[in-house]
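Please open the structure in a viewer and keep the selection tool at hand. The tour proceeds stop by stop, stating what to select and what is found there.

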Amino acid sequence: NWTMDSFIDKEIDRIRSVVGESGSVVGAVSGGVDSTVAAVLMKRAIGDRFHAVLVDNGVMRLNECQQVKETLGSSLGINLRVVDSSELFLSRLKGVTDPEKKRKIIGNAFIEVFESEAHKIDAECEASGSGKIEFLLQGTLYPDVIESISFKGPSATIKSHHNVGGLLEDMRLKLIEPLRELFKDEVRSLGLLLGIPDDLIWRHPFPGPGIAIRVLGEVTPEQVEIARNADYIYIEEIKKAGLYKKISQAYAALLPVRSVGVMGDMRTYEQVIALRAVETTDFMTADWFEFPPTILKRISNRIINEVRGVNRVVYDISSKPPSTIEWE
Ligand code: XMP
């Protein structure tokens, strides 16, 4: 893969010449492939002068925060700090049921937390005599560049958590986007060459608002916990069955309804988990995934037995369009 090899060398040289001998760079990471590849490139180019920030918004997947810490921080050696803001996000989500309001709340809280962390890092850099923060790293890909030029429709809300214009202005930061000429498959091969673990490279996309838009209706810590545990079991079984790479995106959603069930000689009245799995190349259109029935059976049994509060599991057989991939 000589093209990607030479891309790495050229891009590292370019980053070094743009950032210079003393400047520092800040960037948010999510554990997704784009932000991770961008972060590893920065680390290779300027070492610890790149400061990565992971904002724990309380609606990430089970164990995900810990995993990102281990992979990016310990294994890949990135100068990473994790800001636990779960309480802030969850308290602002209290009582909110409208999907777009949830997105807005999470997007705004993210910018607020990230901005305040960037100021802290800047002050620390100044105090320790290392260069001030001059750049903001973004893992923007070529399709994102095109999209933001060509259409100002719903994508403006989809990418709203990336809207850090205020930060750029306020701190007079310049944007640095090492992936802006690459497509997703190129970013993946680049990531593999940079030594990023396989499971991170092939991770399904995860929306910025996370589990908050997969808990339908009001988001409470208890509801997040149910959705999170069901999702973990679902993904674990998909991986065990060797289907993870075949599926483009899969997740469990918690529906805001109760249904009657029976357990022993007791009547139950509990919640419903909806499983979603789709195959797609561009996420603009998608087909629902045809699971072998035995696998669905195992997943359903495990979720109902292991996740307290759930007595029914349903499988979503809707294609996009007209249905979207997310339920909210
Ligand atoms: P839909 O639900 O519109 O999703 O078919 C298409 C793709 O976009 C992801 N998605 C989001 N990603 N913030 C994100 O970062 C969002 O608010 C958001 N909403 C949807 C979704 O997971 C799917 O991959």
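**First stop: the ligand**

Select Glu326 together with the ligand: a polar side-chain atom of this residue lies 2.5 Å from an oxygen atom of the ligand. Please bear in mind throughout that this is a predicted model.

Next, add Ile325 to the selection. Here a polar backbone atom is the partner, and an oxygen atom of the ligand is 2.7 Å from it. Then select Gly208, where a backbone N or O atom lies 3.0 Å from an oxygen atom of the ligand. How much of the ligand does the protein bury? Taken alone, the ligand exposes 500 Å², and 85% of that is buried by the protein.

Now widen the view to the whole shell. The ligand is surrounded by 12 residues, and the closest are Arg103, Gln249, Lys320, Ile325 and Glu326. Colour the shell by residue character: 5 of its residues are nonpolar, 4 are polar and 3 are charged.

**Second stop: two cis peptide bonds**

Keep Lys320 selected and add Pro321. A cis peptide bond joins Lys320 and Pro321, with omega at about -15 degrees. Extend the selection to Pro322: Pro321 and Pro322 are also joined by a cis peptide bond, and omega there is about 5 degrees. Where do these prolines lie along the chain? Pro321 is found in the segment after strand E9 (310-315), and Pro322 lies in that segment after E9 as well. Such bonds deserve a pause, because most peptide bonds are trans.

**Third stop: a positive phi**

Select Asn63, in the loop between strand E2 (50-56) and helix H3 (64-75). Phi of Asn63 is near 65 degrees, a positive value in a residue other than glycine. For comparison, most residues other than glycine have a negative phi.

**Fourth stop: two pairs of helices**

Select residues 221-240, which form helix H11, and residues 293-306, which form helix H12. Their axes come within 10 Å and cross at roughly 150 degrees. Are H11 and H12 roughly parallel or roughly antiparallel? Angles over 145 degrees count as roughly antiparallel, and H11 and H12 are therefore roughly antiparallel to each other. The crossing of H11 and H12 is right-handed.

Finally, select helix H2 (residues 33-46) and helix H9 (residues 184-193). The axes of H2 and H9 come within 10 Å and cross at roughly 45 degrees, which makes H2 oblique to H9. View this pair along the line from one helix to the other: H2 passes H9 in a left-handed crossing.

Terms used. Residues are numbered from 1 along each chain as its sequence is written. This is a predicted model: local features need pLDDT of at least 70, side-chain atom pairs count only at pLDDT 80 or more; totals for chains, interfaces and linings use all residues. Side-chain values use heavy atoms; hydrogens and water are left out. A residue is near a molecule or strand if one of its heavy atoms lies within 4 Å of it. A polar contact is a pair of N or O atoms within 3.5 Å; within protein, one must be able to donate a hydrogen and the other to accept it, and residues adjacent in sequence count only if both atoms are side-chain atoms. Accessible areas come from the Shrake-Rupley method with a 1.4 Å probe; for residues, only the protein chains shown count as cover. Ala, Val, Leu, Ile, Met, Phe, Trp, Tyr, Cys and Pro count as nonpolar, Asp, Glu, Lys and Arg as charged, and the others, Gly among them, as polar. Axes are lines fitted to C-alpha atoms, for helices over the stretch in contact, and angles run from 0 to 180 degrees between N-to-C directions. Helices (H or I, at least four residues) and strands (E, at least two) are DSSP runs, numbered from the N terminus. Angles under 35 degrees count as roughly parallel, over 145 as roughly antiparallel, 65 to 115 as roughly perpendicular and the rest as oblique. A crossing is left-handed if the near helix is turned anticlockwise from the far one by less than a right angle, and right-handed if clockwise.
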